[in-house]
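Please look over the sequence and the fold shown here before reading on. The paragraphs that follow start from a single side chain and work outward to the chain as a whole.

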Amino acid sequence: MRQGVVWAAFCLWVLVCPLLPVSSRSSRSLVRIGLKKRPLDLNNMRTARIAGMQGKIGGGVMSRYHGLDDPDGEFVSLKNYLDAQYFGDIGIGTPPQNFTVVFDTGSSNLWVPSSKCYFSIACFFHHKYKARQSSTYSKIGRPGEIHYGSGSISGFFSQDNVEVGSLIVKDQVFIEATREGSLTFALAKFDGIMGLGFQGISVGNATPVWSTMLQQGLLHEELFSFWLNRNPNAEEGGEIVFGGVDKRHYRGKHTFVPVTQAGYWQFEMGDFLIANQTTGICEGGCSAIVDSGTSLIAGPTLVVTQINHAIGAEGIVSMECKEVVSQYGNMMWDLLVSGVLPSKVCSQIGLCMSGPGIRTVVGNEKMESVDELGDVVFCNACQMIAVWIQSQLKQMKTKDKVLRYVTELCGSLPSPMGESVIDCASVASMPNITFTIGDRAFDLTPDQYILKTGDGSATVCLSGFTALDVPPPKGPLWILGEIFMGVYHTVFDFGDLKIGFAEAL
């Protein structure tokens, strides 16, 4: 009888055991956040570029990454999010108050509008955090401000629980925004930003939500992964997986590269090719940042101009650039043929008076006079032309052909507004663009790097590349935004400080 009872109990245990909940830690080892995708809108992109313009020259993408143009600059993310396409939902407080946020690997702070935001138009169009309605709210009150290319958000730090998927992140520090000074946020489809970068670029040294998750032992693995659905007709916009990866989202194995600077998710990239031909810009290596808060791919003007020329993009024709070719092209050719380095040519012919390196003029850098501003324009044009000529010399082309080609490149300089229009009918004949990462080639086909907005006869095709000039030692620099991440499933490994890419499904 006793054996019968034991046997019955054992059988009951076998049947019931699979139904019992696993430990809290195991059940939270994978957390999925579904992403919503907003259709690309040309007017929004143009508004974002206008909001980001500073001064007569510059601004644009450069203004989003303050500190990169200054070797001693502070790492603070300054960018326009109006053209961001992917959003997700989080909750703050108890009970949770819901907010739509951009999950941004290019910044580190969490901020949402505050109920105490009275005088900013943006706050009237978005959800606002109400501290009095949360039983887990703790007051901090320290002021906080994040500067952007076209303005800033400011407010004060608070502390409360944050709900991310099935996780409750306790006592998370965030900014309640009481002023949103940018047109970007008034028109945006999201309420705030949840940064997924490192604490080193966090305003006020606030611990990022992602780091708090790890400190509280909420995840089994110290990594998260992005899958962005590029199918414009799909209901599912994508997914972030905290604590692991979903094998349904990629094919093959990831290629991992080490994080070279733990601020942004930054790594070293190799050569950059157009139609399998090297551009010569990154043969010795370039820094790159993976940024889920940016739609486009940003790179040096030297290369983006060559891309625009190869794909027939129409940017603003730079008369200064063509004038330099016309007046100094023969002299530059002779100097380069004689062995003078491209970085020395322009100073030798008198167009650059300072050291090498293309100078970026942004709104907060004051020129002493209009003449000095013009000198910078001609110097920048000369330095680009010298690199282009040198690249063509390696291919053993004649002087007439090279100078004609360089003049054509001048006509393909990227528009200061950021967008370059493409003939939609010619997309199929455009070349592949290739990034070299970890000794592996990562190709982007025309269908992948050309953005389409509108329907039917109103369809507009835009280049997915925009210009960003960061001088040494931090540059040249590439920003790989949603276009690249949509093609390649991306893993951000915080534990081993590495980034991985695999073909997305």
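**From one aspartate outward**

Asp191 counts as buried because its relative accessibility is 5%, and the cut-off for that class is under 20%. The model is a predicted one, and in it Asp191 sits in the loop that links helix H4 (183-187) to strand S10 (192-195). Its side chain makes a polar contact of 3.1 Å with the side chain of His127. When neighbours within four places in sequence are left aside, the residues in contact with Asp191 are Phe99, Thr100, Trp111, Pro113, His126 and His127.

Strand S10, which borders that loop, pairs with strand S5 in the parallel sense, and four bridges connect the two. One bridge can be named on each side, since Phe103 has Met194 in S10 as its partner. Strand S5 (residues 97-104) has seven of its eight residues buried, so the rest of the structure largely encloses it. S5 is also paired with strand S4 (residues 86-92), here in the antiparallel sense and over five bridges, and Val101 in S5 is the bridge partner of Gly88. S4 and S5 form a hairpin with four residues between the strands, where Gly93 adopts a positive phi near 100°. As a guide to reading such strands, side chains in a regular strand alternate between the two faces of the sheet.

Met194 leads from these strands into the nonpolar interior. Which residues touch the most other members of the largest nonpolar core? They are Met194, Phe242, Phe435 and Trp478, in a core of 105 residues. Helix H9 (residues 370-393) gives the most to this core, contributing nine residues. A second core, separate and made of 16 residues, includes Val102, Phe157, Ala177 and Phe190. Beyond its neighbours within four places in sequence, Met194 is in contact with a set of residues that includes Val101, Val102, Phe103, Asp104 and Phe242.

A further buried position is Ser412, found in the loop between helix H10 (399-410) and strand S20; with 6% relative accessibility, Ser412 counts as buried. Not counting residues up to four places away in sequence, Ser412 touches Thr305, Asn308, His309 and Ala313. The C-alpha atoms of Ser412 and Val304 are separated by 8.8 Å, although the two residues are 108 residues apart along the chain. Helix H6 (residues 301-311) is itself mostly covered, with nine of its eleven residues buried, among them Val304, Thr305 and Asn308. After H6 comes Gly312, which has a positive phi near 75°.

On the other side of the Ser412 loop lies strand S20, which belongs to an open sheet of three strands in the order S20-S24-S23, with antiparallel pairing. Strand S20 (421-422) and strand S23 (450-453) are the edge strands, each pairing on one side only. Two bridges join S20 to strand S24 (residues 460-463), and Val421 has Leu462 in S24 as its bridge partner.

Taken as a whole, the protein chain has twelve helices and 28 strands. Buried residues make up 55% of its 505 residues. Among contacts in the protein chain with a separation of 6 or more, 71% are between residues 24 or more positions apart. The chain exposes about 22100 Å², of which carbon and sulfur atoms supply 54%.

How values were computed
Residues are numbered from 1 along each chain as its sequence is written. This is a predicted model: local features need pLDDT of at least 70, side-chain atom pairs count only at pLDDT 80 or more; totals for chains, interfaces and linings use all residues. Side-chain values use heavy atoms; hydrogens and water are left out. Two strands pair if DSSP finds at least two bridges between them. Buried means under 20% relative accessible area, exposed over 50%, partly exposed in between (1.4 Å probe, protein chains only). Contact means heavy atoms within 4.5 Å. Accessible areas come from the Shrake-Rupley method with a 1.4 Å probe; for residues, only the protein chains shown count as cover. A nonpolar core is a set of buried Ala, Val, Leu, Ile, Met, Phe, Trp, Tyr and Cys residues joined through side-chain atoms within 4.5 Å. A polar contact is a pair of N or O atoms within 3.5 Å; within protein, one must be able to donate a hydrogen and the other to accept it, and residues adjacent in sequence count only if both atoms are side-chain atoms.
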